[in-house]
Amino acid sequence: MIMKPNTIEPSHLLAALNWRRAIKVFDPDKLIPAETWAALEQALVMSASSYGLQPYRFIVVQDKKIRQQLLPHAWDQRQVVDASHLVIFAARTDVTEQEIDDYIQLIARVRGVSPDSLRNYREMMRDSLLADDFKPVARHWAARQAYIALGNLLTSAALLGVDACPMEGFVPAGFDSVLGLTEQGLTAVVMCALGYRSAADEYSKAAKVRFPASVLVKHV
Ligand SMILES: Cc1cc2nc3c(=O)[nH]c(=O)nc-3n(C[C@H](O)[C@H](O)[C@H](O)COP(=O)(O)O)c2cc1C
């Protein structure tokens, strides 16, 4: 049985979320330690997704030469080259029969059940995800799943004291070309720079701007 982990205090969670800022200026000399990064990668891997299908890949770009190539496709936003780590969230451009079958095989292996016992689940996924009217929206569906992983990563990073900047300010076609994503049936949908804020980052010193909960949260 998996033990329920120790919980943290609500105040601890809120302090981390309030500390989190979309960092504009990273300290290029500060690197995320390997153990911390490994945990953040696992936060990506352990994200929830519809059907559990995980219709995405996370491209971690540490090669500075590749980052330099990405920079002009990202409005020259310095986070792309200065952050310790850069993750590109690449969503599947369509859902394939193979992907569903691979996933069924994985469940069977991990849970020690026969693939045949998962027949209904497989059919349910095939009926909805391989349907003709789903084809045009498949990539948007996959992108939404990738964004859940982004949220998971942001919160996890904040709890570990790692700075991040979620970024949509880039040209997907440019990223797809530099990273060779199209031929893998993938497209870049969002990215996240991670590392540590520079003392020169003015934005992180400003107050966080949010509409009050009374506006954003409706109790009915
Ligand atoms: C999906 C998404 C895309 C964003 N794209 C960029 C970006 O390209 N460049 C940037 O500097 N900030 C970007 N941001 C950061 C937002 O501007 C920032 O989250 C927002 O102003 C709220 O500030 P906070 O995250 O510091 O609380 C993005 C945020 C999200 C969630």
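**Two domains and a ligand**

Between domain 1 and domain 2, five residue pairs are in polar contact, with both partners at pLDDT 80 or more. I start with that count, and I should say at once that this is a predicted model.

On the domain 1 side, the residues that touch domain 2 sort into five nonpolar, two polar and two charged.

Now the layout. Domain 1 comes in two stretches, 21-95 and 138-204, and domain 2 covers 98-129. Their C-alpha centres are 29 Å apart. Nine residues of domain 1 and eight residues of domain 2 make the contact.

How much area is buried between domain 1 and domain 2? The value is about 790 Å², and carbon and sulfur atoms account for 63% of it. Which three residues give the most on the domain 1 side? They are Tyr 51, Leu 53 and Val 95. Together these three supply 76% of what domain 1 buries against domain 2, more than any other three residues.

Next, charge. How many salt bridges does the rule find across this interface? It finds one. There is also a pair to look at in the model: Glu 99 and Arg 92 form a salt bridge through their side chains, with an N to O distance of 3.5 Å.

That leaves the ligand. It is surrounded by 15 residues, and the closest are Ala 22, Gln 77, Tyr 203, Lys 208 and Arg 210. For three of these I have atom distances. Ala 22 uses its backbone: an N or O atom there is 2.8 Å from a ligand oxygen. Gln 77 uses its side chain, where a polar atom lies 2.7 Å from a ligand nitrogen. Lys 208 likewise places a polar side-chain atom 2.7 Å from an oxygen atom of the ligand.

How much of the ligand does the protein cover? On its own the ligand has 620 Å² of accessible area, and the protein covers 70% of that.

Terms used:
Residues are numbered from 1 along each chain as its sequence is written. Side-chain values use heavy atoms; hydrogens and water are left out. Domain bounds come from an automatic or database domain assignment. Contact means heavy atoms within 4.5 Å. Buried area is the accessible area (1.4 Å probe) that two parts lose on being put together, summed over both. A salt bridge is a side-chain nitrogen of Lys or Arg within 4 Å of a carboxyl oxygen of Asp or Glu. A polar contact is a pair of N or O atoms within 3.5 Å; within protein, one must be able to donate a hydrogen and the other to accept it, and residues adjacent in sequence count only if both atoms are side-chain atoms. Ala, Val, Leu, Ile, Met, Phe, Trp, Tyr, Cys and Pro count as nonpolar, Asp, Glu, Lys and Arg as charged, and the others, Gly among them, as polar. A residue is near a molecule or strand if one of its heavy atoms lies within 4 Å of it. Accessible areas come from the Shrake-Rupley method with a 1.4 Å probe; for residues, only the protein chains shown count as cover.
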